[in-house]
Every structure is written in C-alpha cells, then in structure tokens.
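Me: I am new to reading protein models, and I would like a close look at a single part of this one, namely chain B. Please take me through how that chain is built, what lies inside it and how it meets its partner.

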Amino acid sequence: MKKFFFVIILFILSLNVVHANEDLKNKIYKNVRCIVCQGQSIYESNSDFAIDLKKLISKKLDNGENEKQIYEFLISRYGEWIVYNPRFNLNSLSLWLLPFFIFMIGGFLIFRLNKNKKR
Amino acid sequence: MNNKYKIIILGATIVIIFILFLKVLNSDKTYQPNQMIGKKLPEFILEDLFNKNTKVDTSVLANKDFIVLNIWASWCVPCQIEHPFLMSLKDKKKINIIGLNYKDESKNAKNFLKKYGNPYSIIGVDKKGEFAILLGAYGVPETYVVEKGKIIFKHIGPINEDIVNKILQLKK
C-alpha cells in the first residue's frame, strides 16, 4: 500500500514538473517576437521561423539553460528587437524617467503660477 | 534665485528632455540584420550534400582568408534569381563560396545544382535550420562574407550586381 502511495505521489510531482516546464516554455515563446510575422510572438505564429525557434528554445531548456541565457542567445543573434520585454539599458531608462521629469516640470510650473496668482 | 536664471534652467531642462526623447525615438527599433557583423562565424558540423559520410565543419575555413557563405534551398524562388550572380562570383571572380542548403530535400538540391550550375566549393546541409538560427538568419537566401573567420558583411535576400560589387570591394 505504501509503495502504491509513493508511486502516486511521484506521478503527481512529475506532472507538476512537466507543467512548470510547459509554463516556462510558453512564457518565453510569448516574449519572443516572430520577426518574419506582423505583430506576432512565436507563441502565436506557425511560420517556419517561429516553429524553428520554438524547437530551439525547447531544446535549450531541456539542456538546462535558463530563461535569461535563452534571451541573451537570441539577442546576440537577432538584436534587442527579438524580445518584447527588452533588457534594461540607457534608452529604456530615459523612456521610464521622461514622464516623471515632465510631470515634475509641469507640477513646478503649476505651483509657480498659483503662487504668483495668490500674490 | 533670479527669475531670469530660473527661466534659463527650465528652458535648458526642457531642451535636454527633448533631445533625449528625440534620441530614443530615432534609435533603431526594427530588426537589425547587422547583429552578427564583426562576430566570429559560429562553430558548425554539417553533413556534406554530396557525401553523407563526410562532415562539413569549421575546419573548411582554415587557411581561407575570404569566403562567401550562401544560404539557399531548391524550393526558394529568389535563390534561382541570385544563382547567376553566385556563378559569376565563382567563375569570373574566383571567390570561394560555401553553400548552406537550408531545410531541403537533398535530391531536389542536387537537381537544382545540375540545372543551374554549382557555384559552391562545398555544401553543408542544415536540414532543421538550426545552424541558420546560430547565424542569425531567418530565411533564404542570405549571404555572408567571412574574413579570417569573422563575419564582415551580411545580405538578406537575393544578391544582385550591386551586392556582387560590394563583395568584390570587400575582397580588395
């Protein structure tokens, strides 16, 4: 009986591992742009290019590579454009900070105008 | 602080922000085909198209300062268009061209070469398209110029007279 339960627990655990692996694969597929398609990730595309990339990513995951290593490999081959969620760099930093700066300047101007009106 | 200075500082900040904004807007956000330029040609071991028992690997580049690597397939119509240019590179200009037969049937590939001529000194078979991904390619035809093991030029699509001239200029 104990053996039976042990086998069942092992089976459930292995199902979880497979499921987690599939989730990670899909997460990567959804973040990789199909560069021969229009506005599609490789997850959504059935083009030859997307299928080849999916096979390669799956192979790399099976070989023990992690998500970051896969993105780095793809970026080294196809540039930052291949990923929907680009790495943090100077260009993306300025994009994040610009609205904040504009907001600060706007706030400062409103504050000054209000102050002058009160006078 | 003097009002004049405040206006100058505010103006300068706005100008800096606009310059930054313009820089980001103008940065290239499209696919960059030049990603592999300046990089070493990836290591490869491929099957020879004409001899299944022979392997085509990175050693074919040894002692070859200048080679052209062309990705092609018999099913690819633009490959037929560029073929005469590859033939002229080989026959008239004596350029060493290595072929990469991409996701093709070997019988069809051989028939293609029989019909249009063989410009390649050696042909590796990339049945699954894996080496093409290592090269940063996404289809056929694509042409790379490799100098001393490094990729110095890449062209996507069929080559033409202009590209042939560019390749010859690079050889000089």
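**A close look at chain B**

Reply: Buried residues account for 33% of the 172 residues of chain B. Please keep in mind as you read that this is a predicted model, in which chain B has a mean pLDDT of 88 and 96% of its residues reach 70 or more. For the complex, the predictor reports an ipTM of 0.74 and a pTM of 0.75. As a general caution, where pLDDT is low, the predicted coordinates should not be read in detail.

Let us begin with the overall build. Chain B contains 5 helices and 7 strands, and if you follow the chain along its sequence, these elements come in the pattern α-β-β-β-α-β-α-β-α-β-β-α. The radius of gyration of chain B is 23 Å, whereas the globule rule gives 16 Å for 172 residues, so chain B is more spread out than a compact globule. Taken along the principal axes, the box that the C-alpha atoms of chain B fill is roughly 85 × 35 × 30 Å.

The domain assignment divides chain B into domain 1, residues 1-30, and domain 2, residues 45-171, and the C-alpha centres of these two domains of chain B are 49 Å apart. When contacts in chain B between residues at least 6 apart in sequence are considered, 74% of them join residues at least 24 apart.

Turning to the interior, the largest nonpolar core holds 52 residues, and those with the most contacts inside this core include Val68(B), Leu69(B), Ile71(B), Leu89(B), Ile97(B), Tyr102(B) and Ala132(B). Strand S3 of chain B, which covers residues 66-72, provides the largest share of this core, with 5 residues. Val68(B) is a useful residue to follow on the structure: once its neighbours within four places in sequence are left aside, Val68(B) is in contact with Leu89(B), Ile95(B), Ile97(B), Thr143(B), Val145(B) and Ile167(B).

Finally, there is the meeting with the partner chain, where 19 residues from chain B and 17 residues from chain A take part in the contact. On the side of chain A that touches chain B, at least two residues each are supplied by helix H2 (48-62), helix H3 (67-78) and helix H4 (90-118) of chain A, and H4(A) gives the most, with 7 residues. Sorted by class, that side of chain A has 12 nonpolar, 3 polar and 2 charged residues.

Conventions. Residues numbered from 1 in each chain as written. Chains lettered and ligands numbered in written order. Predicted model: local features only at pLDDT ≥ 70, side-chain atom pairs only at ≥ 80, totals over all residues. Contact = placed C-beta atoms within 7 Å. Helix = DSSP H or I, 4+ residues; strand = E, 2+ residues; numbered from the N terminus. Nonpolar A, V, L, I, M, F, W, Y, C, P; charged D, E, K, R; others polar. Core = buried A, V, L, I, M, F, W, Y, C linked by C-beta atoms within 7 Å. Buried ≥ 20, exposed ≤ 12 C-beta atoms within 10 Å, placed from the backbone. Domains from an automatic or database assignment. Rg over C-alpha atoms; globule rule 2.2 N^0.38 Å. pLDDT = per-residue confidence, 0-100.
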